[in-house]
Amino acid sequence: MATASRAALTVEVMEMLAGLDPRFWEIVEPPLPPHPIHAPVIPVGFRAAAVDGERLNPQPLPPGNGLLASVRDMAVSVADATIAASLAGRKPAEALREVGDDICPEPPKLPWPKKWPVPVQLRQHLVTDPNRVSPAVQATAALVFQSYAHRISDKNLSTAFGDLAERLLERALKTAGSAG
């Protein structure tokens, strides 16, 4: 488990808010994709039962919300790839260093991993409001990575995820502070 860093404390606050509004779990603890051996009707993950199957409204989301889901999905994919790389013998910190460099560029560069497809919404939002979008991408990814750090029992993986979360949160705060 990671130490009580700023990113870890932020996730704890989000978990408290999720107690009031279950939709926050979508950020703090992203739902896992269905495993091929599970029937599609069986909820995956223990949060599905905790909120009694309640998830975000299946209606189409407003355009601004698509970016949040894209960032969350990217961070989950990066975390899954890092876990797979760790199982294959690669050090988690090395696997995440490049991703961290890509998501923490100096503005106005695109805050996205080079090896992941860039969502259309990100490019659109960066054109209209780059000073708010970059920190939002970094902070959202930080929450997901810190959630992995908090929930994973492997010390090397937990530390690597926690360090990346802290780095992303620091960059988000610095970028947002310089913009304001």
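Lys 115 is exposed, with a relative accessible area of 64%, where exposed denotes a value over 50%, buried one under 20%, and partly exposed anything in between, evaluated with a 1.4 Å probe on protein chains only. The model is a predicted one, in which local features need pLDDT of at least 70 and side-chain atom pairs count only at pLDDT 80 or more, whereas totals for chains, interfaces and linings use all residues. Residues are numbered from 1 along each chain as its sequence is written, and side-chain values use heavy atoms, with hydrogens and water left out.

The side chain of Lys 115 meets that of Glu 98 in a salt bridge with an N to O distance of 3.6 Å, a salt bridge being a side-chain nitrogen of Lys or Arg within 4 Å of a carboxyl oxygen of Asp or Glu. Because Lys 115 lies in the loop between helix H5 (92–103) and helix H6 (120–128), while Glu 98 belongs to helix H5, the pair ties together parts that are 17 residues apart in sequence. Glu 98 is partly exposed, at a relative accessible area of 36%.

Helix H5 takes part in a further salt bridge, in which the side chains of Arg 167 and Asp 101 meet at 2.6 Å, N to O. This pair links distant parts of the chain, with Arg 167 in helix H8 (residues 155–179) and Asp 101 in helix H5, 66 residues apart. Both partners are partly exposed, Arg 167 having a relative accessible area of 33% and Asp 101 one of 43%.

A salt bridge is also formed between Asp 73 and Arg 72, whose closest N and O atoms are 3.7 Å apart. Here Asp 73 is partly exposed, with a relative accessible area of 42%, whereas Arg 72, at 13% relative accessibility, counts as buried. A search of the whole structure finds four salt bridges, among them the pairs described above.

With regard to the overall architecture, the secondary structure comprises eight helices and zero strands, these elements being DSSP runs numbered from the N terminus, with helices (H or I) of at least four residues and strands (E) of at least two. Of the 180 residues in the protein, 39% are buried. Among contacts between residues at least 6 apart in sequence, 67% join residues at least 24 apart, a contact meaning heavy atoms within 4.5 Å. The protein exposes about 10,300 Å², of which carbon and sulfur atoms supply 60%; accessible areas come from the Shrake-Rupley method with a 1.4 Å probe, and for residues only the protein chains shown count as cover.
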